[in-house]
Amino acid sequence: MRKQGGAAVFRITGARQGLAEDVRGRQRRYVISMGIRTLSVVLTVVLWNVERYVAIGTLILGALLPYVAVVIANAGRENAPSLPGTFIPAPTRPVLMPGAGEERVESVPEATLGSEGDQGRDHG
């Protein structure tokens, strides 16, 4: 953040990409994956009587690719590690220590005062 003439200027180079751009990227990856799946299914049909092992491989690829494409398309938005976190730690409270010339006073539990230390109080 820089100040120019009293106004604060914020840099957004570390900001995430826009939601519309994110959705467009996900759709593009999904369409590419489904194009590869379509190609593998067509290759399975074409190669079934020619090269059976390659056809079985393309069949497996065509069966597994929809799952992978959906998982990739539904993956969350990218992380922006340069953005500040939302957790703000509580400030630490300073501890007061006795001064150099002061004497330490120990607190005395009320039970050691005896019965006369409690007589002046009103228990109402």
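This is a friendly dialogue about how to read a predicted model of one protein.

Biologist: I am new to this structure. Which elements should I look for, and in what order do they run?

Modeller: Start from the N terminus and follow the chain. This model is predicted, and its elements run β-β-α-α. That makes two helices and two strands in the protein.

Biologist: How many residues does the protein have, and what share of them counts as buried?

Modeller: The protein has 124 residues, and 12% of them count as buried. Its accessible surface comes to about 11200 Å², with 61% of that belonging to carbon and sulfur atoms.

Biologist: What can I learn from the span of a helix, say H1?

Modeller: The idea is to compare the distance between the end C-alphas with an expected span. H1 covers residues 19–47. Its 29 residues reach 42 Å from the first C-alpha to the last, close to the 42 Å expected at 1.5 Å a residue. H2 takes in residues 52–73. With 22 residues, H2 reaches 31 Å, close to its expected 32 Å.

Biologist: Where does H2 have a kink?

Modeller: Look at Leu 64, where H2 has a kink of about 35°. The proline Pro 66 follows shortly after that point.

Biologist: Which residues of each helix are buried?

Modeller: Here the general idea is a cut-off: a residue is buried when its relative accessible area is under 20%. In H2 the buried residues are Ala 55, Thr 58, Gly 62, Leu 65, Ala 69 and Ala 73. In H1 the buried residues include Gly 25, Ser 33, Met 34 and Leu 47.

Biologist: What do these buried residues pack against?

Modeller: The buried residues of H1 pack against H2. Seen from the other side, H1 is part of what covers the buried residues of H2.

Biologist: How can I see that parts far apart in sequence come together in space?

Modeller: Pick a residue on each helix and compare the two separations. Arg 29 lies in H1, and Ala 69 is one of the buried residues of H2. Arg 29 and Ala 69 are 40 residues apart in sequence, with 7.6 Å between their C-alphas. Another pair is Val 71, which lies in H2, and Tyr 30: they are 41 residues apart in sequence and 9.5 Å apart, C-alpha to C-alpha. For the protein as a whole, take the contacts with a separation of 6 or more: 62% of them join residues 24 or more positions apart.

Biologist: Why do Arg 29 and Val 71 count as partly exposed?

Modeller: Partly exposed is the range between buried, under 20%, and exposed, over 50%. Arg 29 counts as partly exposed because its relative accessibility is 40%. Val 71 falls in that class because its value is 43%.

Biologist: How many salt bridges are there, and which side chains meet?

Modeller: The idea is to look for a side-chain nitrogen of Lys or Arg within 4 Å of a carboxyl oxygen of Asp or Glu. The count comes to one salt bridge. The side chains of Arg 26 and Asp 22 meet there at 3.2 Å, N to O. Both residues lie in H1, four residues apart, about one turn of the helix. Arg 26 and Asp 22 are both buried.

Biologist: Which residues form the nonpolar patch on the surface?

Modeller: Find Trp 48, Ile 56, Leu 59, Ile 60 and Leu 64, which together have about 460 Å² of accessible area. Leu 64 is also where the kink in H2 lies. Ile 60 has its place in H2 as well, and it is partly exposed because its relative accessible area is 48%.

Technical notes: Residues are numbered from 1 along each chain as its sequence is written. This is a predicted model: local features need pLDDT of at least 70, side-chain atom pairs count only at pLDDT 80 or more; totals for chains, interfaces and linings use all residues. Side-chain values use heavy atoms; hydrogens and water are left out. Patches are made of residues with over 30% relative accessible area and no salt bridge: like charges are joined within 9 Å, nonpolar side chains (Val, Leu, Ile, Met, Phe, Trp, Tyr) within 5 Å. Accessible areas come from the Shrake-Rupley method with a 1.4 Å probe; for residues, only the protein chains shown count as cover. Buried means under 20% relative accessible area, exposed over 50%, partly exposed in between (1.4 Å probe, protein chains only). The expected span of a helix is 1.5 Å times one less than its number of residues. The bend at a residue is the angle between axes fitted to the seven residues ending there and the seven starting there. Contact means heavy atoms within 4.5 Å.
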